[in-house]
Every structure is written in structure tokens, then in C-alpha cells.
Amino acid sequence: MDLNNTTVIWISVAGAIAVPILMLLRSGRRDVLPYLAGYFAFFGLGPAVNFALGRDIYYGIVTDRIAAASFGLLLGLLSMLLVGVLLPVRRGALDRTRLDGSAHPLPLLAPLLLGLAGYALTILAWHGPAMLTGNKLDRITLAGPWHYDYLLLQTMACSLYFAARSTRFGTIAYATNIACYVVYCLVTNERDFLFALFAVLLHVQIFRRRAMSLRLALIGGTGILVATYLASIRSPGVGAGTTRLLNEGTVTFPDTYVMNLVPVQMPYRYGETYWDALLGVLPVGQQYALAQWLVDLYAPGSPGGYGFSLTAEAYLNFGMAGIPLVFAALTLMQRLLARRADHGGFYLYASMLFTITWMYNFRGESFALVKTLVYGAVLYGGLHLSGTLLTRYRRVSRPRVTPVRKGPRHRRAPALR
């Protein structure tokens, strides 16, 4: 092991630990950004720590590039810190009264949530026992062709927490859907629900008078253990105990692999993948997933996948300078939404959806991130428009009752005798 590479790794780890701490000191415990930075640091640098300690790591990682990948992630975290310092959020709780005052009824939300719950229950009742005995690919196959579409919809549905809580029926529908969603993910060995639930909790605390940092830390730690357990079920992995826990950072593989190829064997893309991501959302666009591109290069014909990462895509396009630029742009978007989270239901929904999507697609690519955000905006717009139309229809269809106007009282004339 090269001493210089080890030094770079430990400097990157120390800097990555310092970033969320500095964010907490700047914006307080209700800010979502420090928790996101801590999440990225853990899942981005875990294998690097194992490597520096001489432990086992995933065999596909290019060890000569681990130091470069670690430093690249540190640059991304530092850019998050810079934007967070320049655009701080309110340290106190956000105004729940203003949020409730701007609430718009979404009458079709509860039926949507119950429909998603019904879909999960149908799949579980029909294929649940067979899923429990199969591997990851077998379970996804049994779940049917709409498996990933269902998970995408659930990302948006979980982000509608505050809108659902506005009515008793919506609260019941939301809780029912969450329960079915968690069971579905456990049976199909998916970890998506962890990102969704943690993002919801992060946004719940920004409206509380007392921040629940200790509770969030316990919940976050439990989530990491659950994620590790699910990963150990679907793949043997490398190592056990803390080694296995730190090796959950699968982004190190695509990061080091891409850095080993570009620009020596392949040229930089100079924004091509981001342009493709924007066009791929449209019906006329075609998207060749970077995750599939990685599989075709690393293991052609393999039925499995390795994911990708936002850091690898940034490096693929613009080299090391692209990582802080991309993370700064994403942090700016998060800040613009978080600073207006109590100004209306859509801003709060968009902030939650963006948080979940950023966490999930940290080991994904820009196309999935853009697709989720665009489709999520369309879904909310449809729910909002349907609510407006139903409200107007009820007003028009409700019969008008014209009040009977009584005239002035007249004294009755005395009868003639």
C-alpha cells in the first residue's frame, strides 16, 4: 500500500467527518443538509477506510484509484459546505401555521395511497411465499414488470406526508400504505423504504420546537444496520462485522473504475450524459443507462448490475472538477426548496422528494434523479388540478337555496261587529 495514497485517504476521511459537524454548527440541528453530508461520507468512504486499515474490500474496486475517489468525494462535500454556509436555513422551527394556511385539498391522494397499498398486498398474497425462498433476481421477477414503477411511485407517495396528514382519512391511508410498502420492500429485498422514511423524519423535525437529533441518530444507525442485513442476504459481500458495515459503500467501485478509464482510455463526455438525462425523460428521448454501460464494460452479458454513482458521472463528464460543481448545483437546489418549505405544500413535497431522490441516486445517475423529480412534479400537479376541479364541481352542483325574505309585520285589523 502506497503511503501517500493512505495519507490522502485519511485526510479525505477527516475532512468528510468535519463537514457535517461544521454544517450543524452553522445551521443547527433542524437543517437537512448535515445529515445528507454524513450519509454521503459514510457510504462514499467506508471501503476506503477498510482499505487503509488493510481489510478486505470488494474485488472490483481499482485500488490504485481509491485515494483519488476519496479526495473527489471530499471536494463534493466541501462544495456542499460552501453553499450551505452562503445560504443558511432558519435555525428555529419552521412556521407550521403558515404551511397549514396555504394547504390545498388533494382529495385523490388517499385513494392513490390505498391503491398503492392494495397493489403491494396483491403481489405479496400472490407471490409472497415464493419470493421468500428465492434470490434477489428471482424476487424481482416474481414481483412483475411494474416493480420499479411501483418503487418510483412510492418515493413520491412518501413525500406527500404532510398533505396526507391534513385529513383523518388521509392519515389512515398514509399509514396503511407505509406499512404495506415496508413489508413489500423487505420481501423483495429492497432498501428504498429506508431512504424514504429517514427523509420524512428529517422534514418532520424542522417543524418541531425541540429538535430530535438523538432520536434521528438512533434511527439512522438502525437504518444502516438494516441496510447491511438486507445486503448480506442478497449478496455474500466482503468481510463481517464493521468490515461488512463499511463495505456498504458501493460507490467506490464505479468511482475507481471510471477514474481508471477516463481520460486515458476514454475521453471526457463534457456534459453529454446530463443532456441525455434531460432528453431521456421526454417520450422522444432514448436513455442508455450508465449502470448498463458499466456492466457492458466490466462484465458483458451479466444479468446483475453494479449501480453507478453521481460522483462517477461527474468525473466522466468533467474530470475531478466536475464533482464539486455537480454537488454544488444539487446543494443549491436543496437550499432553494428547504428555505421555502413552509411557504406551500408543493415546496415541502418537493424538498422531501429531492432529499429521498438525492440519497437514493447517490449510487445512481442523473437520469434517475431527473426522472423522479419531473414525474413527481407531474403527479403533484395532477393531484392539485383534480382537487381544484372537484372543489369547483361541488360548488356548482350544490343547489342554491334562496332565502325567503319576510316582509314587515302588519297589525291585524279588528273584525267588524
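**Entry 1: L25 and its surroundings**

I began with L25 and asked whether this residue is buried or exposed. L25 turned out to be exposed, at a relative accessible area of 63%. I kept in mind that I am reading a predicted model. Next I looked up where L25 sits, and found it in helix α1, which covers residues 3-27. I then checked for a patch on the surface and found a nonpolar one formed by L25 with I17, I21 and L22. Together these residues have about 410 Å² of accessible area.

**Entry 2: the nonpolar core**

From the surface I turned inward. How many residues does the largest nonpolar core have? I noted 109 residues, and those with the most contacts inside this core are F40, L77, M80 and W358. Helix α2, residues 33-52, gives the most to the core, with 13 residues.

I picked M80 for a further look. Setting aside neighbours within four places in sequence, I found M80 in contact with M23, L33, A37, F40, F327, T331 and W358. Two of these partners, F40 and W358, I had already listed among the residues with the most contacts in the core.

**Entry 3: the cysteines**

I looked for disulfides and found 0 in the structure. For C158, the nearest cysteine sulfur belongs to C185 and is 8.5 Å away. A disulfide needs the two sulfur atoms within 2.5 Å, so this pair does not count as one. Are these two cysteines buried or exposed? I found C158 buried, with a relative accessible area of 1%, and C185 buried too, at 0% relative accessibility.

Terms used. Residues numbered from 1 in each chain as written. Predicted model: local features only at pLDDT ≥ 70, side-chain atom pairs only at ≥ 80, totals over all residues. Heavy atoms only, no water. Core = buried A, V, L, I, M, F, W, Y, C linked by side-chain atoms within 4.5 Å. Buried < 20%, exposed > 50% of the residue type's maximum accessible area, 1.4 Å probe, protein only. Helix = DSSP H or I, 4+ residues; strand = E, 2+ residues; numbered from the N terminus. Contact = heavy atoms within 4.5 Å. Patch = residues over 30% accessible without salt bridge, like charges linked within 9 Å, V, L, I, M, F, W, Y side chains within 5 Å. Areas by Shrake-Rupley, 256 points an atom, 1.4 Å probe, with all protein chains shown as cover. Salt bridge = Lys/Arg side-chain N within 4 Å of Asp/Glu carboxyl O.
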